[in-house]
Every structure is written in structure tokens, then in C-alpha cells.
Amino acid sequence: MGQRRRDPVEANADGSADLYEIANWEPRSTLDRFVHWLYHVGLWALRWLVIIAALAILLLQLLFGSLGALGNQPLFAGMALLSAVPALGLAAYIWYADVTTSEPLTLLVGTFLLGVLFAGFAGLLNAFLGYPVQAIGSGFGLVPFLGQVFFFFLIVGPVEESVKLLAVRLYAFRDDRFDAVVDGAVYGAAAGLGFATIENALYITQNTEMVTGTLNVLAEGGDITAVRALAGPGHVIYSAFAGYYLGLAKFNPDDAGPIVLKGLLIAALIHAVYNTLAGPVTTVLATLYDVNFLVAFFGFVIVYDSIFGLLLLRKLDAYRKAYKRAHAPAESSDQRPERTEFDP
């Protein structure tokens, strides 16, 4: 942690004088205790207000939106769960790669659930800001693809990575068991898994909710489930990057803001580039090699996620090596064999 800055009076005092409300402060009077209580109650209320708002959005989607199909058609729920398996595997590996103490299940599950809940915020912001940004970016329809690029880089990437990081910041980050920089990557991955799970469910239900009959649902939903299964690990990678820098910020409070911003920029950039390239590159590959669209998409995702997944694992490996060096038993002088007069 960074050293607390001190007023010149406090820095040069001999400790004998009471500097309350001169150079330092602590809750002493009734008013002091009241404002101290009021501040922390306000933070607590704000956190719960955010969670309740996110829960309300999710309930509305279940009752009146496409997510309601999950209860009406069990196959949709099964497809959604199946589509989350690759992302779950990657998140589990990042958890396994944590060389420090294992993270408690309560924090992991809580972060996952917040990732699920906060996806609603991203959906609203994407919808609310998407049209004007795309219109401006495309010159009001003159260059449609440019509008999509603006949308991905200015809205989707920053918004989705911010809400996933909020899922970590609001709960796990505040816990004393978040006690190492690398923990940020683990909880970031958990938030990304939660986000990917609910996003997959939305895509699957929106694309198949009008289909009837088990065989038809399987036929229509199979491809979209496969596509979402391939896209899910990306969310884990992006938010693990952002989470790692959030962990770095926790232990470097003097530069916490720039560090968090760096992590968000990296995650949002990787995310936006993926969204921008996925469609065109897949189309080119499918046309060039005369293969199925899903096969081409699979090839693109494998290459793209492998590049950034390996970069993430290199960062985690660098932390692991530094951790092991720092905890290697120092060779004390009394453990070394005594030199004799014959030793060189």
C-alpha cells in the first residue's frame, strides 16, 4: 500500500500534542460519529441500489423478455448451460493458475452472480447509446460498417468491460481475502463467466423463441449454441485482463485510477477488435476455403483467443515466478558448509 501523505504539522510533531481537526481526524463527537455512519450507510445503500436495479432488469427480462423462454422451453436452458462450458473451463484454469491461496467459493460465486446481474446494465446502455453512435459513425448511413466499428469501440467494449469490472469491484475487491494482485484475474474471469452465461442465454432464446417442436428447436438452436460456446471464452479473457489490473491497483493506491483505466482500455480494445473482425474475417475464410460458416468462425476464434489467452497466461506466469522467488527459502550462512583451508 502507498504511504499516507501527512500534513507538515503532523509530520514534524513529537506526538505530545492533540492534532484532532488540526492535522488529522477521527470520529470523536456525536456529529463526527453521525457523518461517519452516514457516509458508510450511503455507500452500503448505493451498492445495494445498484444490485437491486440489476436484479429488477433481470426479472423483467424473465417475465416479459426473451429470457422467459428459459422456463417455458427447458431445451433453451440446457443449450445456454452447454454454451457456457468452454468459458467455465477457461475460468477454472485461471483459478488453477493462481499460485497464491485458493479463492473462497463464496466470493467466486458472488462475483459470478453479479456478472450475470450486471449484464442487464450493458444491454440497456448498448441499446440506448448504440443507434446515435452508429448513425454518427456511419455518416448517417453513408458508410454502415464504420458505424458498427464506432459502436464496438466506443460503446460495446467499454460498457461491457466496465460492468464486468464493477461486478468484481463491488464485492470481492472489498474483501480481505482479495489479498494478491493475481486474485483480480481470477475474479475477473468469474465475472466474465457470469456475463457470458446470461449473454449466451439471451442470444439463444432471441434466435429460437419463435421455433416450436423439439427437433426444430434443436436444429435452430444447435448452431447458435455452438457460436455462443465459441464466443464465451473471450469474455473470460477480456475481464481477466481488466481484473488483473484492478488487483494491481488495490496494492498501488497512489496510481489506482490510471492502473484501472489501463486494464479497462486493454480489455475493451481486445473485445472491440474481436467484435469488429469476427464477421468479416469469418466470411472471407468461409468464401476463400469454401467451408461452412461455423467452421470458419471456429478457426477465427481459436486463433484470436489463443493469441490473447497466451498473453494473459504469460502475465499470470510472470506473477507466479515472482511469487515463488519471493517465497523461496533464503539460504542462511549457517546452512552453508564451512570452508576449509583446502577450499579454493
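In this predicted model, F178 is buried, at 1% relative accessibility. F173 is buried too, with a relative accessible area of 14%. The rings of F173 and F178 form an edge-to-face aromatic pair. Their centres lie 5.6 Å apart, and the angle between the planes is 65°. F173 also takes part in a second kind of contact: the charged end of K250 sits over its ring, 5.2 Å from the centre. K250 falls within helix α9, which spans residues 214-250. A further lysine is placed over a phenylalanine ring elsewhere. The charged end of K164 sits over F195, 5.5 Å from the ring centre.

The structure holds 14 aromatic pairs. One of them joins Y93 and Y96 and is tilted, with 6.3 Å between centres and 40° between planes. Both tyrosines belong to helix α5 (residues 85-97). They stand three residues apart, about one turn of the helix. An α-helix has 3.6 residues a turn, so residues three or four places apart point the same way. Neither tyrosine of this pair falls under the 20% limit for burial. Y93 is partly exposed, with a relative accessible area of 44%. Y96 counts as exposed, at 64%.

Aromatic residues also group beyond pairs. Y238, Y274, F300, Y304 and F308 form one aromatic cluster. Y274 has contacts with Y238, F300 and Y304 from this cluster. Y274 also touches A231, F297 and V301, with residues up to four places away in sequence not counted.

Y274 is prominent in the nonpolar interior as well. The largest nonpolar core has 76 residues. I94, F118 and Y274 have the most contacts inside this core. Helix α9 gives the most to the core, contributing 13 residues.

Helix α10 covers residues 256-289, 34 residues in total. From first C-alpha to last, α10 reaches 47 Å. This span is close to the 50 Å expected at 1.5 Å a residue. The helix is nevertheless bent, by about 40° at A278. A proline, P280, follows A278 within four residues. After α10 comes D290, whose phi is positive, near 55°.

Note on methods:
Residues numbered from 1 in each chain as written. Predicted model: local features only at pLDDT ≥ 70, side-chain atom pairs only at ≥ 80, totals over all residues. Heavy atoms only, no water. Phe/Tyr/Trp six-rings, centres within 6.5 Å; stacked < 30°, edge-to-face > 60°. Helix = DSSP H or I, 4+ residues; strand = E, 2+ residues; numbered from the N terminus. Buried < 20%, exposed > 50% of the residue type's maximum accessible area, 1.4 Å probe, protein only. Lys NZ or Arg CZ within 6 Å of the ring centre and 35° of its normal. Core = buried A, V, L, I, M, F, W, Y, C linked by side-chain atoms within 4.5 Å. Contact = heavy atoms within 4.5 Å. Expected span 1.5 Å × (residues − 1). Bend = angle between axes of the 7 residues up to and from the residue.
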